[in-house]
Amino acid sequence: ALSVASLIARFGFAAMLTMLMIIRRTPIKKHQGFAKRAIAFFGCYVGIGAQVLPTQPSTPSLAVLSGFLVIFGMGFAAFSLFYLGRSISIMPESRKLVTGGPYSLVRHPLYVGEQLAVVGIALQCRSVWVLAILTLQFGCQLYRMIYEEEILADTFPEYTEYAQHTARL
C-alpha cells in the first residue's frame, strides 16, 4: 500500500508540476549564464535517475521509513508547488515574490520536499549509484538556491529582509 501511495504521490506531483509550467507567469528577470541554467536543470531533474534504479529487498521498518519520506516529501513539495502556483520556475528567474504558507517556514520548501522524497527513494535502492545521484542533486540544489536568491534579491528589495528572518532549508 505504501509503494502504491508513493507512486501516486510521485506521479501526482509530476502532473501538477507540468500543468503549472504550462500556465506560469512570464519572468520579470532571469539569469542568462549557461552554468547557472545547467545547474538548475540538473538540480531539478537528476533525482529522476534514482527512480529508475532497481530496488533492494528491505526490512519492514526501512520500507515504512522509505514510503513515509516519499509520501511526506512529495506531499510537502506538492503543497509548496500549489502555494507557489504560476510563479514556478526551473531556471533562476523571478516572477512574483512568495513569502507565505510553506515559504514562511523556509525559503525553499519545494526543494526540502523533493529532497526528502529522493532520500526515501534512495532507501529503496541502497546503492552507490543512488548515493551519487543524491549527492549530485543536493549539490546542484544548493547552488540553484543561491542563484535564485540572487535574482530574487535583485528583483524584489523586500527579499533581503525576508531572507534574514527565514531559514534557507
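The second largest cavity is lined by Phe13, Leu17, Cys44, Ile88, Ser89, Ile90, Leu110, Glu114 and Arg144. In this predicted model, helices H1 and H5 are the elements that give two or more residues to that lining. The volume of the second largest cavity is about 50 Å³, and its lining is made up of six nonpolar residues, one polar residue and two charged residues.

This cavity has a companion, as a search of the whole structure finds two cavities of 30 Å³ or more. The largest cavity has a volume of about 290 Å³. Its lining comprises 19 residues, and those nearest the centre are Leu84, Tyr103, Arg107, Glu148 and Leu152. Four elements are worth picking out on the structure here: strand E2 (93–94) and helices H5 (109–125), H6 (128–155) and H7 (159–165) each contribute at least two residues to the lining of the largest cavity. By class, 10 of the lining residues are nonpolar, four are polar and five are charged.

Arg107, met above beside the centre of the largest cavity, also takes part in a network of salt bridges together with Glu149 and Arg168. In one of the two contacts described here, the side chains of Glu149 and Arg107 meet with an N to O distance of 3.0 Å. This pair joins distant parts of the chain, since Glu149 belongs to helix H6 while Arg107 sits in the loop between E2 and H5, 42 residues apart. Glu149 counts as buried because its relative accessibility is 10%, under the 20% cut-off. Arg107, at 12% relative accessibility, is therefore buried too. The other contact is the salt bridge between the side chains of Glu149 and Arg168, at 2.6 Å from N to O. Here Glu149 lies in helix H6 and Arg168 in the segment after H7, so the bridge ties together parts of the chain that are 19 residues apart in sequence. Arg168 has a relative accessible area of 31% and is therefore partly exposed.

The structure holds six salt bridges. Another of them pairs Arg95 with Glu93, whose closest N and O atoms are 2.6 Å apart. Both Arg95 and Glu93 are buried.

Turning to the open spaces, the second largest pocket encloses about 160 Å³. It is lined by Leu2, Ser3, Ser6, Arg10, Thr55, Gln56, Ser58, Ala63, Ser66, Gly67 and Gln124. Helix H1 (2–23) and helix H4 (60–84) each provide at least two residues of this lining, and H1 gives the largest share, with four residues. Polar residues number eight in the lining of the second largest pocket, alongside two nonpolar residues and one charged residue.

On the outside of the model, Phe41, Phe42, Tyr45 and Ile48 make a nonpolar surface patch of about 380 Å². Helix H2 (residues 34–45) gives the most to this patch, supplying three residues. Tyr45 is found in helix H2, and this residue counts as partly exposed because its relative accessibility is 33%.

Definitions and conventions
Residues are numbered from 1 along each chain as its sequence is written. This is a predicted model: local features need pLDDT of at least 70, side-chain atom pairs count only at pLDDT 80 or more; totals for chains, interfaces and linings use all residues. Side-chain values use heavy atoms; hydrogens and water are left out. Patches are made of residues with over 30% relative accessible area and no salt bridge: like charges are joined within 9 Å, nonpolar side chains (Val, Leu, Ile, Met, Phe, Trp, Tyr) within 5 Å. Accessible areas come from the Shrake-Rupley method with a 1.4 Å probe; for residues, only the protein chains shown count as cover. A salt bridge is a side-chain nitrogen of Lys or Arg within 4 Å of a carboxyl oxygen of Asp or Glu. Buried means under 20% relative accessible area, exposed over 50%, partly exposed in between (1.4 Å probe, protein chains only). On a 1 Å grid over the protein atoms alone, a cavity is a set of points where a 1.4 Å probe fits but cannot get out, and a pocket is an open set with protein on both sides within 12 Å along at least five of seven lines; lining residues have an atom within 4 Å of a point. Grid points are joined across faces, edges and corners, and a volume is the space filled by probe spheres set on the points. Ala, Val, Leu, Ile, Met, Phe, Trp, Tyr, Cys and Pro count as nonpolar, Asp, Glu, Lys and Arg as charged, and the others, Gly among them, as polar.
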